[in-house]
Amino acid sequence: MNLILLGAPGAGKGTQAEILCDRLQIPTISTGNMIREALKSGTEMGQKAKAYIEAGQLVPDEVVIGIVDERLHQDDCKNGFILDGFPRTIPQAEALDRMGITIDRVVDIHVPDEVITRRVSGRRVCLDCGNTYHVETKKPLQDGVCDRCGSTLVQRKDDQPETVQERLRVYHDQTEPLRDYYEATGKLLVVDGQQDIQTIAEQTLALLKG
Ligand code: AP5
Ligand code: MG
């Protein structure tokens with residue numbers, strides 16, 4: 001199953017990807033996590049991306065398209081994958097179409113803007129493994145410590161309120177048009193992202209089966 005997760009920043013793409021990856025036994029490819037990883041290890045790509053990420057802007061298409069193309073052609077993607085955060089623009093979707101990989105389903109996790117700010121401001125992330133938590137809705141077992149790898153949890157720089165507003169603006173302007181793009185292919189499924197995390201995952205799995 002080759003799957004795309006669509007949705008605004010904070011809609012729960014990463015959270016759902018983690019559950020679906022486990023249930024479907026296919027890897028998640030998160031461009032946000034890959035870029036943050038490059039930033040942390042100080043690669044040239046990471047340095048280029050830093051200013052964009054911190055301003056809430058998208059990294060240029062050609063940079064992201066290159067890393068996704070390379071990643072999707074690795075062996076572990078042969079039986080399927082979950083794309084979290086890609087494509088995010090029409091040119092990225094068109095580039096994906098040209099990669100010679102068929103997308104089976106696109107799941108749009110729908111959450112209104114007013115809910116996003118609350119969610120994102122309470123999010124804490126593990127800089128080592130990328131796992132995501134929330135101070136109220138998805139607490140780690142031990143405060144400030146990642147359940148999965150034991151590293152320290154931090155708040156993402158782009159989760160500051162002003163940056164979140166800019167990310168939402170960019171989402172509506174550049175990413176939301178992808179809903180129509182995939183609707184036209186008959187591959188789009190929509191789930192209500194305001195339900196609890198497990199319910200959304202179960203609904204998504206049911207839709208994918210049906
Ligand atoms: P990226 O890391 O992809 O950020 P994003 O899309 O802005 O998405 P988020 O990670 O903020 O949200 P999410 O939907 O994963 O939500 P989560 O599950 O964490 O990208 C960051 C930056 O990298 C971009 O701004 C851009 O600069 C660059 N970039 C990345 N990809 C790019 C691309 N393709 N092209 C160009 N640039 C790119 O959930 C959020 C919070 O809510 C969590 O705390 C979670 O616990 C909580 N939560 C989740 N679900 C629920 C629920 N059902 N109920 C209550 N709380 C919930
Ligand atoms: Mg995410």
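H110 stands opposite D192 in β8, and that pairing is a friendly place to enter this predicted model. Strand β4 (residues 105-110) and strand β8 (residues 188-192) run parallel to each other, joined over five bridges. From there we can walk through the rest of the five-stranded sheet, visit a sheet of three strands, look at two details of the backbone, and end at ligand 1.

**The five-stranded sheet**

- The five strands follow the order β2-β3-β1-β4-β8, and they form an open sheet with parallel pairing.
- At the edges of this sheet sit β2 and β8, each of which pairs on one side only.
- From one strand to the next, the twist averages 20°.
- Strand β1 (residues 2-6) also runs parallel to β4, and four bridges join the two.
- Within that pairing, I4 has V106 of β4 as its bridge partner, while L5 stands opposite V107 in β4.
- Helix α9 lies across β1, β4 and β8, and its direction makes an angle of about 155° with β8.

**The three-stranded sheet**

- A second open sheet has three strands in the order β6-β5-β7, this time with antiparallel pairing.
- Its edge strands are β6 and β7 (153-154), and each pairs on one side only.
- Strand β5 (residues 123-126) pairs with β6 in the antiparallel sense, over three bridges.
- In this pairing, R123 stands opposite H134 in β6.
- Helix α6 (residues 113-121) lies across β5 and β6, running at about 45° to β5.

**Two backbone details**

- Most residues other than glycine have a negative phi, and most peptide bonds are trans.
- Against that background, look for the cis peptide bond that joins F86 and P87, where omega is about -5°.
- You will find P87 in the loop between β3 (81-84) and α5 (90-98).
- The other detail is Q25, a residue other than glycine whose phi is positive, near 55°.
- Q25 belongs to the loop that lies between α1 and β2 (28-30).

**Around ligand 1**

- Ligand 1 is surrounded by 35 residues, and the closest are T15, Q57, R88, R123 and R167.
- R123 is thus a residue to look at twice: it is among the closest to ligand 1, and it also stands opposite H134 in the three-stranded sheet.
- R88 has a polar side-chain atom 2.3 Å from an oxygen atom of ligand 1.
- The backbone takes part in the surroundings too: a polar backbone atom of K13 is 2.8 Å from an oxygen atom of ligand 1, and one of V59 is 3.0 Å from a nitrogen atom of the ligand.
- Of the 1,000 Å² of accessible area that ligand 1 has on its own, the protein covers 96%.
- Four elements give two or more residues to the shell: α1 (13-24), α2 (31-40), β6 (132-134) and α9 (197-209).
- Helix α2 gives the most to this shell, with four residues.
- By type, the shell residues divide into 12 nonpolar, 14 polar and nine charged.
- Two of these elements link back to the sheets: β6 is an edge strand of the three-stranded sheet, and α9 lies across strands of the five-stranded one.

Notes: Residues numbered from 1 in each chain as written. Chains lettered and ligands numbered in written order. Predicted model: local features only at pLDDT ≥ 70, side-chain atom pairs only at ≥ 80, totals over all residues. Heavy atoms only, no water. Near = heavy atom within 4 Å. Polar contact = N/O pair within 3.5 Å; in protein donor to acceptor, adjacent residues only side chain to side chain. Areas by Shrake-Rupley, 256 points an atom, 1.4 Å probe, with all protein chains shown as cover. Nonpolar A, V, L, I, M, F, W, Y, C, P; charged D, E, K, R; others polar. Pairing = 2+ DSSP bridges. Contact = heavy atoms within 4.5 Å. Axes fitted to C-alpha atoms, helices over the stretch in contact; angles between N-to-C directions.
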